[in-house]
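Work through the exercises below with the sequence and the model at hand. Each task is followed by a solution in steps.

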Amino acid sequence: MMPKIKWTPQRLAILKYLDGNKQHPSAEEIYEALSKDFPTMSVATVYNVLEFLKRTGRVKEIHVDPEKRRFDPDTTEHHHAICVKCKKVFDIYQKVELPDLHKYLTQFDILDAKLTVDVLCPECKKKKDFKLGLKEYKCSQCGSIRTAKHKPQKCLSCGSRGSLKEIKQH
């Protein structure tokens, strides 16, 4: 028996947002896109709807970004490439032959096998300041920008603590 859900305007908006979406959005991205039109909607609502859609086979959760749970409304068999810099996810519809995994996992039942390829996308390749794994942080006190792998404790320019915020790079 298929689980049932009451299709509220918020839930329908989430479904509509996902329809044909090739961006592989996270729940937070969906919430951000829809919260202006639905101010009473919460991130928990988005997660609950995504979980329902996942259980009913309407979306797949893809495990390509360790920082975010991402969802793919395209449930056909395909693989993914993820840009190591901007974290955009790209679909690979070409059939890719994986090695015969049964040879290496003789004691296991293989339920699913997906290929994820780490890439540098064309947009990020054009950028001259590419530094793998580094993020930019801007000080809210003095405006200076610092590049680091992890969020620094304090600003090197003005010395203020807790004032550095990650700059979103898109």
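**Exercise 1: a surface patch**

Tryptophan 7 sits in the segment before helix H1 (9-18), where helices (H or I, at least four residues) and strands (E, at least two) are DSSP runs numbered from the N terminus. This is a predicted model, in which local features need pLDDT of at least 70, side-chain atom pairs count only at pLDDT 80 or more, and totals for chains, interfaces and linings use all residues. Residues are numbered from 1 along each chain as its sequence is written, and side-chain values use heavy atoms, with hydrogens and water left out.

Task: classify the accessibility of tryptophan 7 and state which residues form a nonpolar patch on the surface.

Solution. Step 1: the relative accessible area of tryptophan 7 is 31%. Step 2: buried means under 20%, exposed over 50%, and partly exposed in between (1.4 Å probe, protein chains only), so tryptophan 7 is partly exposed. Step 3: a patch takes residues with over 30% relative accessible area and no salt bridge, joining like charges within 9 Å and nonpolar side chains (Val, Leu, Ile, Met, Phe, Trp, Tyr) within 5 Å. Step 4: the nonpolar patch consists of Trp7, Leu12 and Leu15, which together have about 230 Å² of accessible area (Shrake-Rupley method, 1.4 Å probe; for residues, only the protein chains shown count as cover).

**Exercise 2: a salt-bridge network**

Task: find which residues are joined into one network by salt bridges that share partners.

Solution. Step 1: a salt bridge is a side-chain nitrogen of Lys or Arg within 4 Å of a carboxyl oxygen of Asp or Glu; the structure holds seven. Step 2: one of them pairs arginine 69 with glutamate 51 at 2.3 Å, N to O. This pair links distant parts of the chain, 18 residues apart: arginine 69 is in the loop between strand S1 (60-62) and strand S2 (70-72), and glutamate 51 is in helix H3 (residues 43-55). Step 3: lysine 54 bridges to glutamate 61, with the closest N and O atoms 2.6 Å apart. Step 4: glutamate 61 also has a salt bridge with arginine 69, at 3.0 Å between the closest N and O atoms. Shared partners thus join Glu51, Lys54, Glu61 and Arg69 into one network. Step 5: within it, glutamate 61 is buried, at 17% relative accessible area. Arginine 69 at 31%, glutamate 51 at 24% and lysine 54 at 30% are partly exposed.

**Exercise 3: contacts of two strand residues**

Task: are leucine 164 and histidine 80 buried or exposed, and how far are they from valine 117 or tyrosine 137 in space?

Solution. Step 1: leucine 164 is found in strand S8 (residues 164-166) and is buried, because its relative accessible area is 2%. Step 2: its C-alpha lies 5.6 Å from that of tyrosine 137, with the two positions 27 residues apart in sequence numbering. Step 3: histidine 80 belongs to strand S3 (residues 79-83) and, at 7% relative accessibility, is buried. Step 4: histidine 80 and valine 117 are 37 residues apart in sequence and 6.4 Å apart in space, C-alpha to C-alpha.
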